[in-house]
Amino acid sequence: MSAHRRKTTSRRRPPSRRRRLVRTLLVTACALAVMAGGGAWYLYRDLAAGIGSSKALEGAEKSKFGDTNILLIGLDSRRDQNGEKLPEEVLDQLHAGSSDIGGYNANTLILLHVPGDGSRAKAFSVPRDDFVDIPGHGKDKIKKAYGLAKARKEEQLAAQGVKDSRQLEREGREAGRAAQIATVRAFLGVPVDHFAELNLAGFYHLADALGGVPVCLNKAVKDRYSGADFPAGPQTLDGRQSLAFVRQRHGLDGGDLDRTKRQQAFLAGATKKLNSAGTFTDPVKLIKLVDAAKQDVVTDQGWDLLAFVKQAKSLSGGRVQFTTLPVERFGRNLGEDINVVDDMKIKRLIAEQIGPKASASPGAPSARASESGAPGSAGAPASAGSAPGAREASPPPTPSPSPSTPSTPKDDGGIPCVD
């Protein structure tokens with residue numbers, strides 16, 4: 001055999017085992033990269049297609065200068081998005097009682113303001129018993145706007161001959177969302193650009209999908225009504241514990257106002273966990289989060305959730321300043337406890353905090369918010385004019401802290417500690 005033939009034969013010799021292995025690994029790595037990118041896109045499309053969508057904000061005024069106002073609505077409902085009762089085993093886990101309890105009250109109302117310039121976000125908690133004007137209804141507790149509008153819409157549809165329970169539920173809830181958003185918008189005097197609605201089971205599923213939510217308590221608590229039974233200090237709560245944590249009000253000095261601070265602390269802990277636990281790079285965690293959102297969350301139509309999720313990464317690590325809107329005093333209306341509030345004072349406070357600088361009038365009350373993301377406190381009761389239809393009653397056992405109260409202490413992880 002000639003040298004030429006030996007040379008040709010050697011060039012055609014099959015690649016070595018090592019070279020085949022390297023090539024296989026390279027091809028596999030490329031395939032995994034494509035699959036990972038495609039998987040993330042598929043999960044986002046799955047979420048966008050499966051999550052509840054609402055037209056309650058159609059035609060609403062929008063914020064300017066790139067700012068975004070998001071209203072977080074937590075419903076005290078023991079029913080799913082179709083109006084069906086939650087399974088008894090779920091209710092047992094939630095320690096929430098019968099499916100007929102709770103109705104459609106918006107027990108959690110938080111306005112999250114995300115500035116367009118990338119500066120620190122601010123969250124304002126609206127106490128659920130604030131006595132305010134509800135468009136088309138008159139004055140009542142702000143939490144009732146949703147349920148009142150839902151019931152009224154369903155009565156109208158039934159009078160027109162509509163009998164399909166799912167249609168009644170769907171259209172009733174749309175009316176409830178629109179009414180709740182309109183009530184908050186009128187009360188605070190600012191636009192609402194987006195909203196997210198979460199039912200009672202949503203706190204449970206969210207915490208479970210995240211593998212627990214970190215919180216911190218100043219002292220040990222035990223409450224048979226909510227099922228809260230926690231030691232003092234930093235700890236991570238599972239789904240059942242998280243719901244008990246945000247629902248507890250019995251045994252707390254500030255009652256409902258302290259529960260509002262619990263909701264703020266849960267939001268801070270969930271945001272921190274979302275951004276620190278590798279949720280967006282762990283397919284299993286991401287799928288659980290997507291499934292939880294599809295079960296329990298409704299948002300406005302057209303909201304680019306993927307863009308917001310990326311933006312939300314900047315909301316952790318103490319970059320959200322929490323404030324509970326002030327209450328002037330406590331009263332009674334038609335046999336129910338209410339919070340008497342000064343509407344104009346609150347509008348000035350909101351304008352000073354998130355409106356154009358020129359809109360803050362001299363001497364306007366400043367928001368008493370804590371630093372580094374710790375929940376703020378509600379206003380101390382003060383002398384104010386009586387609310388129409390309300391009469392004074394004795395306040396809860398201990399009034400809210402005065403403005404001189406130091407910021408809420410935090411543990412080493414930056415999670416705000418609450419009572």
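**Exercise 1.** Determine which strands helix α8 lies across, and place those strands in their sheet.

*Solution.* Helix α8 (residues 256-276) lies across β8 and β17 and runs at about 140° to β8. Helices (H or I, at least four residues) and strands (E, at least two) are DSSP runs, numbered from the N terminus. Axes are lines fitted to C-alpha atoms, for helices over the stretch in contact, and angles run from 0 to 180 degrees between N-to-C directions. The model is predicted: local features need pLDDT of at least 70, side-chain atom pairs count only at pLDDT 80 or more, and totals for chains, interfaces and linings use all residues. Residues are numbered from 1 along each chain as its sequence is written, and side-chain values use heavy atoms, with hydrogens and water left out.

Next, consider the sheet. The order β11-β8-β17 describes an open sheet of three strands with mixed pairing; two strands pair if DSSP finds at least two bridges between them. Its edge strands are β11 (233-237) and β17 (417-418), each pairing on one side only. Finally, β8 (residues 213-217) pairs with β17 in the parallel sense over two bridges, and Leu217 stands opposite Val418 in β17.

**Exercise 2.** Establish whether Ser242 is buried or exposed, and list its contacts.

*Solution.* Ser242 belongs to helix α7 (residues 239-247). Its relative accessibility is 0%, so Ser242 counts as buried (buried means under 20% relative accessible area, exposed over 50%, partly exposed in between; 1.4 Å probe, protein chains only). Leaving aside neighbours within four places in sequence, Ser242 is in contact (heavy atoms within 4.5 Å) with Phe203, Ala207, Val213, Leu237 and Phe266.
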